[in-house]
Amino acid sequence: MLRKVCPICGRETDVLIEGMCPDCYRATHRIVDTPESITVLRCRGCGAYFINGRWVKGVRSLERLVASKVKVRGVVEGMEVGVFRDRAKVKVKGKASELMPNSYEEEYEVKLMFQNDLCPSCRAELMKREEAIIQLRLIGGDPSDVKSKVMDIVRMVLSKGEDKGRIISVEDVDGGFDIKVTSQRLARSIALSIHRELPSFMMETSKVIGYRGDRRVEKRSISIHVFGLSKGEVVNINGTYYLVKSLHRDHVEFVRLNDGLQLNVKYGKLTQERISQVTDYSIQCGGGRVMVKVGDLQYVLSGVSLICP
Ligand SMILES: [Zn+2]
Ligand SMILES: [Zn+2]
């Protein structure tokens, strides 16, 4: 057989492939082409990858993605893809041209570039975790009247727009209503405004709703007891009549009608009492004294002229 000479390396060869010996051909031609890098969206919540329009989990799907980007140039007899962190190794057995006498192995590296994103289910869970509930419990007064006062404050906070978010729902429950909003920040802001404007007692609680790895997932809620109390009105607490002398940030000043005793009661303590509205009463002032009539009963108080016009 006539031997040929490779014009590149000068060695004798049995075959010339595109004008060069198999060794020179191998040195200048790859069995497959691989991209230098592949960019993949990765969910920062669950680690899923967005591949071919779907969120999928596991390193196997990354390996399949890399394999799908490999372009065969020569003859491939076998291929293995392995992913280690942000690198994929592609091992190929074959040859760059079918004219080559022997097959061999080559290894290529593909860089994986991950971009943080959130898959729909993690996004939904995050939203849910962010959601906050303000539990409003109404004590005393006319519930619908108190509720409309509360909602006026809520609307005012939302219209200021300092805390982004919105109301998800307003739901009546036993003893009051619940307002669900899209963020803890907004809930706090609304709650503080209600607490500032109306006689009330505010409490924040936190409940563990699950675990993610070592991290606790908590759901916080804020409860506010709003008292339907107005200065100068008569209320019934646990069966006894009281006159509301003045309202303060954390307490209320009462005058007990049957003995004229003046007492300060913290709103937090008042949450445990039974307060009901009294409708059939009248108040008259004269001569430095206050006459309060409740039904058939009459009380005379002195030293509480504050409430007289
Ligand atoms: Zn050569
Ligand atoms: Zn996810």
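**Two cores and the elements around them**

The buried residues of helix H2 pack against five strands, namely E4 (37–43), E5 (49–51), E8, E9 and E10. In this predicted model, helix H2 covers residues 59–68, and its buried residues are Leu62, Leu65 and Val66. Around the axis these residues cover an arc of only 95°, which puts them on the same side of H2. On the other side of H2, by contrast, Arg60 and Ser68 are exposed. The general background to such a pattern is that an α-helix has 3.6 residues a turn, so residues three or four places apart point the same way.

Three of the strands that H2 packs against, E8, E9 and E10, can be followed through their pairing. Strand E8 (residues 75–84) pairs with strand E9 (residues 87–95) in the antiparallel sense, over 9 bridges. Within this pairing, glycine 78 stands opposite lysine 93 in E9, while the partner of glycine 82 in E9 is lysine 89. Strand E9 also pairs with strand E10 (residues 104–117), again in the antiparallel sense, and here the count is 8 bridges. Lysine 89 has glutamate 109 as its bridge partner in E10, and with glycine 82 as its partner in the other pairing, lysine 89 takes part in both.

What joins E8 to E9? The two strands form a hairpin with 2 residues between them, and arginine 85 in the turn has a positive phi of about 50°. As a general matter, most residues other than glycine have a negative phi, and arginine 85 has its positive value in a residue other than glycine. Is arginine 85 buried or exposed? With 7 other C-beta atoms within 10 Å, where exposed residues have 12 or fewer, arginine 85 is exposed.

A comparable backbone feature occurs at asparagine 238, which is not a glycine and yet has a positive phi of about 50°. Asparagine 238 is placed in the loop between strand E16 (234–237) and strand E17 (240–247), and is exposed, with 10 other C-beta atoms within 10 Å. Leucine 261, for its part, lies in the loop between strand E18 (251–256) and strand E19 (262–266). Leucine 261 is nonetheless exposed, having 10 other C-beta atoms within 10 Å. Between leucine 261 and glycine 58 there are 73 Å in space, C-alpha to C-alpha, and the two are 203 residues apart in sequence.

The overall layout gives these distances a setting. The protein is divided into domain 1 (31–121), domain 2 (131–227) and domain 3 (234–307), and the centres of domain 1 and domain 3, taken over C-alpha atoms, are separated by 79 Å.

Where does the largest nonpolar core draw its residues from? This core has 38 residues, and those with the most contacts inside it are Ile134, Ala187, Ile190, Val226, Tyr242 and Leu243. At least three residues come from each of domain 2 (131–227) and domain 3 (234–307). A second, separate core has 17 residues, among them Cys21, Ala88, Val90 and Val110. In general terms, nonpolar side chains tend to be buried together in soluble globular proteins.

Within the larger set, isoleucine 134 touches Ile179, Ala187, Ile190, Ala191, Ile222 and Ile224, once residues up to four places away in sequence are left out of the count. Several of these contacts lead to helix H5, in which Gln184, Leu186, Ala187, Ile190, Ala191 and Ile194 are buried. Seen down the axis of H5, these buried residues fall within an arc of 160°, so they line one face of the helix. Helix H5 itself (residues 184–197) has 14 residues and reaches 20 Å from its first C-alpha to its last, close to the 20 Å expected at 1.5 Å a residue.

A last residue to follow is phenylalanine 227, which has its place in strand E15 (residues 215–227). Phenylalanine 227 is buried, with 23 other C-beta atoms within 10 Å. Not counting residues up to four places away in sequence, phenylalanine 227 touches Ile139, Gly140, Pro199, Ser200, Tyr267 and Leu270. Its C-alpha atom is separated by 63 Å from that of glutamate 63, a residue 164 places apart from phenylalanine 227 along the chain.

How values were computed: Residues numbered from 1 in each chain as written. Chains lettered and ligands numbered in written order. Predicted model: local features only at pLDDT ≥ 70, side-chain atom pairs only at ≥ 80, totals over all residues. Helix = DSSP H or I, 4+ residues; strand = E, 2+ residues; numbered from the N terminus. Expected span 1.5 Å × (residues − 1). Buried ≥ 20, exposed ≤ 12 C-beta atoms within 10 Å, placed from the backbone. Arc of directions from axis to C-beta. Domains from an automatic or database assignment. Core = buried A, V, L, I, M, F, W, Y, C linked by C-beta atoms within 7 Å. Contact = placed C-beta atoms within 7 Å. Pairing = 2+ DSSP bridges.
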